[in-house]
Amino acid sequence: MATKKIKDTKDTTVKTPKVASKVVKKPKKAPAFFRSGQGCMYVRSTFNTTRVTFTDLQGNVVLWSTAGSCGFKGSKRSTPFAATTIIEAGLGKAKENGLTSVDVYLKGPGTGKDAALRVLKTSGLDINLLADITPIPHNGCRSKKPRRV
């Protein structure tokens with residue numbers, strides 16, 4: 001006959017009471033906005049995409065807009081239409097946050113620079129400064145040696 005094994009039902013472990021640990025919450029930041037109504041707009045236009053960043057006069061980023069955040073994927077990001085949509089979306093958010101006058105800095109070789117200027121004309125914002133800060137080499141890297149055939 002087979003014998004049954006009886007399990008010991010007594011639990012020898014001692015349960016320790018759970019101590020509630022104090023959760024430290026980070027203080028919430030105040031929503032960012034343009035206090036004086038002035039700000040800077042940085043348009044970074046590459047061959048693949050366009051990015052727009054809005055900062056206050058101290059250089060703190062208040063808001064931004066990119067091709068991905070506006071719903072463009074793949075090769076559609078590099079089109080002038082995408083750049084126009086990105087800048088319009090960014091300007092709409094900036095106006096909601098109190099932007100009235102802007103310094104504009106354009107950077108890069110892409111098509112977004114032209115689109116930015118077209119949208120800025122019709123936006124109704126005061127443009128204090130318009131600068132192209134694209135880095136230009138003053139002699140550049142050494143070129144490759146010519147090929148001998």
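Ser101 is buried in this predicted model, with a relative accessible area of 7%, because that value falls under the 20% cut-off. The residue lies in strand E4, which covers residues 101-107. Leaving aside neighbours within four places in sequence, Ser101 is in contact with Gly37, Gln38, Gly39, Asp126 and Asn128. For one of these partners, Asn128, the C-alpha to C-alpha distance from Ser101 is 6.8 Å, at a separation of 27 residues in sequence.

**The chain as a whole**

The protein chain contains two helices and five strands. Read from the N terminus, these elements follow the order β-β-β-α-β-α-β. Of the 149 residues in the chain, 30% are buried. Taking contacts between residues at least 6 apart in sequence, 64% join residues at least 24 apart.

**Helix packing**

Two packed helices are described by the angle between their axes and the distance between the axes. Helix H1 spans residues 80-96, and it packs with H2 at an angle of about 40°, the axes being 8 Å apart. H1 and H2 are therefore oblique to each other, since an angle of about 40° is neither under 35 degrees nor within 65 to 115. The crossing of the two helices, H1 and H2, is right-handed.

On the H1 side, the contact is made by Pro80, Ala83, Thr84, Ile87, Glu88, Leu91 and Lys95. H2 contributes Gly112, Ala115, Ala116, Arg118, Val119, Leu120 and Ser123. By class, the residues of this contact of H1 with H2 divide into eight nonpolar, three polar and three charged.

**Salt bridge**

How many salt bridges does the structure hold? It holds one. The partners are Lys113 and Asp132, whose closest N and O atoms are 3.3 Å apart. Lys113 lies in helix H2 (residues 112-123) and Asp132 in strand E5 (residues 126-132), so the salt bridge ties together parts that are 19 residues apart in sequence. Side chains of opposite charge can pair when their charged atoms come close. Lys113 is buried, because its relative accessible area of 17% is under the 20% limit.

**Two further residues**

Ala94 is found in helix H1. Is Ala94 buried or exposed? Its relative accessibility is 0%, so Ala94 counts as buried. Not counting residues up to four places away in sequence, Ala94 touches Phe34, Phe54, Leu63 and Leu99. Ala94 and Thr53 are 41 residues apart in sequence, with their C-alpha atoms 9.9 Å apart in space.

Arg44 is found in strand E1, residues 38-45. With a relative accessibility of 37%, Arg44 counts as partly exposed, because this value lies between the 20% and 50% limits. With residues up to four places away in sequence not counted, Arg44 touches Thr49, Thr50, Arg51 and Lys107. Arg44 and Gly108 are 64 residues apart in sequence, and their C-alpha atoms are 5.9 Å apart.

The table collects the C-alpha pairs described above.

| Pair | Separation in sequence | C-alpha to C-alpha distance |
|---|---|---|
| Ser101 and Asn128 | 27 residues | 6.8 Å |
| Ala94 and Thr53 | 41 residues | 9.9 Å |
| Arg44 and Gly108 | 64 residues | 5.9 Å |

Note on methods:
Residues numbered from 1 in each chain as written. Predicted model: local features only at pLDDT ≥ 70, side-chain atom pairs only at ≥ 80, totals over all residues. Heavy atoms only, no water. Helix = DSSP H or I, 4+ residues; strand = E, 2+ residues; numbered from the N terminus. Buried < 20%, exposed > 50% of the residue type's maximum accessible area, 1.4 Å probe, protein only. Contact = heavy atoms within 4.5 Å. Salt bridge = Lys/Arg side-chain N within 4 Å of Asp/Glu carboxyl O. Axes fitted to C-alpha atoms, helices over the stretch in contact; angles between N-to-C directions. Parallel < 35°, antiparallel > 145°, perpendicular 65-115°, else oblique. Left-handed = near helix turned anticlockwise from the far one by under 90°. Nonpolar A, V, L, I, M, F, W, Y, C, P; charged D, E, K, R; others polar.
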